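Work through the exercises below with the sequence and the model open. Try each task before reading its solution.

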Amino acid sequence: MKALCWEGVDKLAVERVPDPQIRNTQDAIVKVRQSAVCGSDLHLINGYIPFMQAGDVLGHEFLGEIVEVGPDVHRHSVGDRVVVCSFISCGRCWYCRQGLFACCDNGNTNPAIAEMAWGFAPGGCYGYSHAMGGFAGSHAEYVRVPYADTGAFRVPEEVSDDRAVFASDAAPTGWMGADLGGVRPGDVVAIWGCGAVGQMAARAAMLLGAERVICIDRFDYRLRMTERHIGADTINYERTDVGGELRERTGGRGPDVCIEAVGMEAHSSGPQFLYDQVKQQLRIETDRPIAVREAIHACRKGGSVFVLGVFAGLVDKFPLGAVMNKGLTLRSAQQHGQRYIPMLLDRMRSGELRTEHLATHRMPLDRATEGYQLFKDKRDDCVRAVFQPDAST
């Protein structure tokens, strides 16, 4: 089959790879109908996640049709149209029973790397390095889905592929940020990043009752999309002092909840960007926490900061003193999608949650390298590229 493979830093290629096979009794094989790029994939492409190997298949946000099931798959049958959670979880371990699916004890089949780096291993993730299990990703014609009864969800007939594909990762990740960030009715919520996850966090905050949602970015096309399709207020951080503007808009108090949806390659217009970029390039620090720092400083006293962006290792100049002295609650997680996807599909069916606008570019899998270049370079107003293996070139 065809698949998009990582072949080194900034090197991608569509190649022929072996078809996936049923390996365990709880597996299913899914024929991919749509697979979306994600901002966290850029960390792999740019070489900041060190546990990749040449030939690894990328992609973790996808929807497709089940074409084969193992003997212990009971909730799905051949022909089901399903959206698959990007994180692989067993559904039975202690963490899964607590709803902490991304912390699953059994989803990651290669835990030693993560245990060395982070103390404990999280669950597995499609197409996201050998630290996350080394699973083949979704930018392919077919994908093996472990624990299919736990990770695959039947899509209601009323929900289109174009909408449902984002229930795999962007929508549950954004919803988790608002939910675990503690958004309550009447809150003011600030969100760093107007990509797909940031927009979904903004929509989630609104549905959870936030009085005002303010999204921060530097690209006008993403700010316009957020205003038009989500209805949030926006700030362009290259034209405005973010901290001062947030205080002005909150009566001097600061946002109740701050959500960081940028990650380890954050940008800034100030001198701290050059400082962090040089240290990251020299591997003196692995991640650039610019947006996290800003969120912590902007948040009101006693407020909540949730980190949604992907981070891999060590950061410098982390404002722990501000966290402690302001009495902040700081949380983070990989997405516990199995906890949210059924609810999100219901909201998609009712029209409360619309995601089609996020896919600014749709193209066949053969053009996946082009799609990633558009996405990486922020060209042609690209917010997300979605690959369709069956589409003609």
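The exercises go from domains to their interface, then to a sheet and a salt bridge; the model is predicted.

**Exercise 1. Divide the chain into its domains and state how many Å separate their centres.**

Solution.
- Step 1: Assign the residues. Domain 1 is made of 2-169 and 335-388. Domain 2 covers 173-332.
- Step 2: Take the centres over C-alpha atoms. They lie 25 Å apart.
- Step 3: List the residues in contact. Domain 1 contributes 29 residues and domain 2 contributes 26.

**Exercise 2. How much area do domain 1 and domain 2 bury between them, and which residues of domain 1 lose the most?**

Solution.
- Step 1: Choose the quantity. Interface size is often expressed as the accessible area lost when the parts come together.
- Step 2: Read off the value. The two domains bury about 2,500 Å² between them. Carbon and sulfur atoms account for 64% of it.
- Step 3: Find the leading residues. In domain 1, Tyr 48, Tyr 340 and His 357 lose the most area to domain 2. Together they make up 27% of what that side buries.

**Exercise 3. Describe the polar side of the interface, then the make-up of the domain 1 side.**

Solution.
- Step 1: Count salt bridges between the domains. There are zero.
- Step 2: Count polar contacts. Eight residue pairs qualify, with both residues at pLDDT 80 or more.
- Step 3: Look for helices. H1 (41-45) and H13 (341-350) each supply at least two residues of the domain 1 side. H13 gives the most, with three residues.
- Step 4: Sort the domain 1 side by residue class. The split is 12 nonpolar, nine polar and eight charged.

**Exercise 4. In what order do the strands E1, E2 and E4 lie in their sheet, and which are the edges?**

Solution.
- Step 1: Set the order. The three strands run E2-E1-E4 in an open sheet. Their pairing is antiparallel.
- Step 2: Name the edges. E2 (11-16) and E4 (56-57) each pair on one side only.
- Step 3: Check one pairing. Two bridges join E1 (residues 2-8) to E4. Cys 5 stands opposite Val 57 in E4.

**Exercise 5. Which residue forms a salt bridge with Lys 376, and how many residues apart are the two?**

Solution.
- Step 1: Start with the total. The whole structure holds 23 salt bridges.
- Step 2: Pick out the pair. Lys 376 bridges to Asp 10, with the closest N and O atoms 2.7 Å apart.
- Step 3: Place both partners. Lys 376 sits in helix H14 (residues 368-377). Asp 10 lies in the loop between E1 and E2.
- Step 4: Give the separation. The pair is 366 residues apart, linking distant parts of the chain.

Terms used. Residues are numbered from 1 along each chain as its sequence is written. This is a predicted model: local features need pLDDT of at least 70, side-chain atom pairs count only at pLDDT 80 or more; totals for chains, interfaces and linings use all residues. Side-chain values use heavy atoms; hydrogens and water are left out. Domain bounds come from an automatic or database domain assignment. Contact means heavy atoms within 4.5 Å. Buried area is the accessible area (1.4 Å probe) that two parts lose on being put together, summed over both. A salt bridge is a side-chain nitrogen of Lys or Arg within 4 Å of a carboxyl oxygen of Asp or Glu. A polar contact is a pair of N or O atoms within 3.5 Å; within protein, one must be able to donate a hydrogen and the other to accept it, and residues adjacent in sequence count only if both atoms are side-chain atoms. Helices (H or I, at least four residues) and strands (E, at least two) are DSSP runs, numbered from the N terminus. Ala, Val, Leu, Ile, Met, Phe, Trp, Tyr, Cys and Pro count as nonpolar, Asp, Glu, Lys and Arg as charged, and the others, Gly among them, as polar. Two strands pair if DSSP finds at least two bridges between them.
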